[in-house]
Amino acid sequence: MTSSKRIYAFGGGSAEGNASMKALLGGKGANLAEMAGLGLPVPPGFTVTTEVCQAYYDAGKQFPEGLMGEIRAAVAAIEKQLGRQFGGSTKPLLVSVRSGAAASMPGMMDTVLNLGLNAATVDALARETANPRFAWDSYRRFITMFADVVAGVSRKAFDSELEGLKKRTGKIRDADVEAGDLKRLVEILLGVYKRETGEPFPEDPWLQLERSVDAVFGSWNNMRAVEYRRLNRIHGLLGTAVNVQAMVFGNLNEDSGTGVGFTRDPSTGENQFYCDVLYNAQGEDVVAGLRTPEHLDEVKRRQPEVHSQLMQVRATLEKHYRDMQDIEFTIQDGELFILQTRNGKRTARAALRIALSLVDEGLLTREQALLKIDASSLNQLLHPTFDPKAPRQVIASGIPASPGAAKGRAMFSPEAAELAAKKGDPVILVREETSPEDIKGMAAANGILTARGGRTSHAAVVARQMGKTCVAGCSAIEIDEHAREFRAGRFTVRQGDYISLNGSTGEVMLGDVPTVPPELSDDFRTVMKWSDEFRRLGVRANADIPRDARKAREFGAEGIGLCRTEHMFFDTGRINRMREMIVARTYEQKQSALAKLMPMQREDFVGLFQCMDGLPVTIRLLDPPLHEFLPQDPAIQQVIADELDVSLKVVKDTVEALHEVNPMLGLRGCRLGIVQPLIYDMQVQAILEAADEAAKAGVKVVAEIMIPLVSTLEELRRLRKRIEAQLERFNLERGTRVQVRIGTMIEVPRAALTADRIAEDAEFFSFGTNDLTQMTLGVSRDDAEKGFLVDYVVQGIFPTDPFATIDVDGVGRLVEMGVQLGRKARPGLKVGICGEHGGDPESIEFCHRAGLDYVSCSPFRVPIARLAAAQAAIRHGK
């Protein structure tokens, strides 16, 4: 529903919006309004809605008619409230212009501070405050930010002028630079601006404001924001809101400062105020990590009343929002102002602890607590930690900003990190401090090491959200980005060298430190127990070998939903037996080769039945085309010919005979089982023998045989009859009573469309959504990921990667149709999903709504699926 109102005011103890209006006001604007309504000290301002942003893009990046007139009226209201004048020669009003989308995107879009300064207002500000140093410091900050955000000029040229000035005058901190030097620096920066842009810096505050609002709208589609939305699967938003707010100044004097605080520890979830503060600084200094901040205890020592106020604000906001909050604040001459609150980004470990604590404190129900946890984040808890017994060489220590054990090759630029990761190398991104432009390198890295910044810096916040290990503020290292190396005491680490980061202790170590499996906490077990109580969907695992099956059981899997038998053939000791069968020319030769493979398959199946004692094991018969087992490289073909004791010509002829233009739509799956039935006969025999052996050893066997790539009833019927006949012979010959259920994968669109017919001969369906997505969209997953798929997601043609999150409107509709038709023909038909989507929380929610019985995913995603299934049941009912 479109609102006719385009601007919403807040501040002065009241507001026109509230926290429920995030879609319209963005998260920042909605929460500013909410805090103002709570009576917290929020500087007055207004929010231009996300609908205006959408209209801006619809009009070809032009403001809707009359918008600037409404903005002028909103600024006039702030002027009246504060008794100041925008652009005035006395008591000038300065404002900030900030972005704010409905979904939190820390640092991804643009901000301009100190807007309204020019040659006249900087003098007025200096006279009013009797602090010329503050006025000129604010002006140089404004010029730098405006140039960067609005004019698109890299801030490096401006920052280098400041660094050069500090070096010439022997100053270490920005705050130590004197007023006269800052005034001269401003003249230099104005010259840099003109040189880089070809035009003078705009003196008119209204023009500054108009261009800054335009730049914030424009930042919605900058590279880093688009990439962030893609990485975090954020879609369906109108755009960003723009928040214009009266400035308060943390750089006014030594009784002023700026800070960021989390109401609980975002790394561990401990109930303590996790807060960093910088005195005589502005907010950008904390978030960017340009200086290493001080602890909250410094505020208590210097300004006990402010500290007491902060603690009260912490309690008020956490109780009100019933969640851990990320708060930004400014202290201006001893007076506290709150500039932002939002639900804080946190590690998985912290998310569990916070959720359980809030239940214990009576702020949340168990259902509400489960909904607070990002199911995908549980992946962080399931991977190794450093072996405490392993030798290590610690070369430096920093601030433990995001926990974990990360190791990889040191890379000194986001481009180098991304390139190395694409080659398969593990990467540690090493930077002085990170900025939003580093987002691709951060996503590619296993861990992040910065020389500057603290626990609330950009690197720390984004790393925690991404589940990456981060050590920040490691002042013991000296980075030479030009030489691509850093020094830590007597040690030098060059690009490509291996280092290890302990995000829980802040240690930086040389080399590849060994790791050990994780230990799951009581909090994890409690959350899993609650999840199992609330969910309806079953959760199985995709597992091909006993080791994976054991891990799946450890993580709570309720069976195996997909055993890919072809993976068993790729083992070094087995692949040549498979190749021997493929190149065989006679029936007898093929039988002989398969006879060598059958005991190996039987052994694997016995292991799976033992691991899943009493739980279903769904075994998919051979699916891929046979060419996948033979190499294309002539040199390797010769090696295989020698190993198989056949001529090279035989191997080459076989490779050529198996060649298909589009093998994924060729001779594979059930088609292969019909054309070359000996392969399926061998696999079925191995399953039956394994089931009999395991049952005689006391294992409760629940065996399911799944026939892949069925598109017609006749394919399924023929193979089912052959399997049933083989089962009957086996039981007669062995005097046993082995039972198996026979079903099919639904991965061809025609199978979904005719599911009522397919169900006549299928005891269960399992949707293979990887192939179903390829065939429905007409998109090859392997080719698309190397080509256009990312561009399609970035441009919004696909809302998300359809191979990661199910395409509800297309593939999802086929799934729903298949479920409904199948159960109409066979009431009570068991239906699951075994593609990659089975471990994706959004796809799991769809599976719950579609009425599936279970999802199946990789062992390490089983806990994610258990929680996501519970969340779906809580949202939509069982």
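Me: Looking at strand S34 (residues 854–857), which residues cover its two faces as buried positions?
Reply: Happy to start there, and do keep in mind that this is a predicted model. In a regular strand the side chains alternate between the two faces of the sheet. S34 has buried residues on both sides. One face holds Tyr 854 and Ser 856, and the other holds Val 855 and Cys 857.

Me: Which residue stands opposite Ser 856 of S34?
Reply: Strand S27 (residues 538–542) runs parallel to S34, and four bridges join the two. Within that pairing, the residue standing opposite Ser 856 is Arg 540.

Me: And which residue of S34 is the bridge partner of Gly 832?
Reply: Strand S33 (residues 830–833) pairs with S34 in the parallel sense over two bridges. In S34, the partner of Gly 832 is Tyr 854.

Me: Through which helix does the chain cross from S33 to S34?
Reply: The connection is a β-α-β crossover, and its hand is right-handed. The helix on the way from S33 to S34, covering residues 841–850, is H34.

Me: Let's move to strand S30 (residues 702–707). How many of its six residues are buried?
Reply: S30 is joined to strand S29 (residues 616–620) by five parallel bridges, and to strand S31 (residues 740–746) by five parallel bridges as well. The strand is mostly covered, and the number of its residues that are buried is five.

Me: Which residues stand opposite Ile 705 and Met 706?
Reply: Ile 705 belongs to S30 and faces a residue of the parallel strand S29. Met 706 is matched with a residue in S31. For Ile 705 the answer is Ile 619, and for Met 706 it is Gly 743.

Me: What is the hand of the β-α-β unit that S30 and S31 make with helix H27?
Reply: S30 and S31 run parallel. With helix H27 (residues 713–734), these strands make a β-α-β unit that is right-handed.

Me: Which two residues touch the most other members of the largest nonpolar core?
Reply: In soluble globular proteins, nonpolar side chains tend to be buried together. Here the largest nonpolar core has 126 residues, and the two that touch the most other members are Phe 605 and Phe 609.

Me: Which helix gives the most residues to that core?
Reply: The helix spans residues 677–696 and gives 11 residues to this core. Phe 609, leaving aside neighbours within four places in sequence, has contacts that include Ile 687, Ala 690, Ala 691 and Ala 694. The helix that gives the most is H26.

Me: Which helix gives the most to the lining of the largest cavity?
Reply: The largest cavity has a volume of about 40 Å³. Its lining includes Tyr 680, Asp 681, Leu 719 and Arg 722. H26 and H27 each supply at least two lining residues, and the helix giving the most, with four residues, is H27.

Me: Which helix gives the most to the lining of the second largest pocket?
Reply: About 740 Å³ of space lies in this pocket. It is lined by 32 residues, with Met 664, Arg 668, Asp 771, Gln 774 and Arg 781 nearest its centre. The helix that gives the most, with five residues, is H30.

Me: Why does Thr 773 count as buried?
Reply: Thr 773 lies in helix H30. Leaving out residues up to four places away in sequence, it touches Gly 778, Pro 802, Phe 803, Val 811 and His 837. Buried means under 20% relative accessible area. Thr 773 counts as buried because its relative accessibility is 0%.

Me: What is the phi of Lys 91, and what is the phi of Arg 484?
Reply: Most residues other than glycine have a negative phi. Lys 91 is in the loop between strand S4 (85–86) and strand S5 (92–93), and Arg 484 is in the loop between strand S21 (478–480) and strand S22 (485–488). Lys 91 is partly exposed at 40% relative accessible area, and Arg 484 is partly exposed at 47%. Neither is a glycine, yet phi is positive: for Lys 91 about 45°, and for Arg 484 about 55°.

Conventions
Residues are numbered from 1 along each chain as its sequence is written. This is a predicted model: local features need pLDDT of at least 70, side-chain atom pairs count only at pLDDT 80 or more; totals for chains, interfaces and linings use all residues. Side-chain values use heavy atoms; hydrogens and water are left out. Buried means under 20% relative accessible area, exposed over 50%, partly exposed in between (1.4 Å probe, protein chains only). Two strands pair if DSSP finds at least two bridges between them. A crossover is right-handed if, with the strands pointing away from the viewer, the path from the first strand over the helix to the second runs clockwise. A nonpolar core is a set of buried Ala, Val, Leu, Ile, Met, Phe, Trp, Tyr and Cys residues joined through side-chain atoms within 4.5 Å. Contact means heavy atoms within 4.5 Å. On a 1 Å grid over the protein atoms alone, a cavity is a set of points where a 1.4 Å probe fits but cannot get out, and a pocket is an open set with protein on both sides within 12 Å along at least five of seven lines; lining residues have an atom within 4 Å of a point. Grid points are joined across faces, edges and corners, and a volume is the space filled by probe spheres set on the points.
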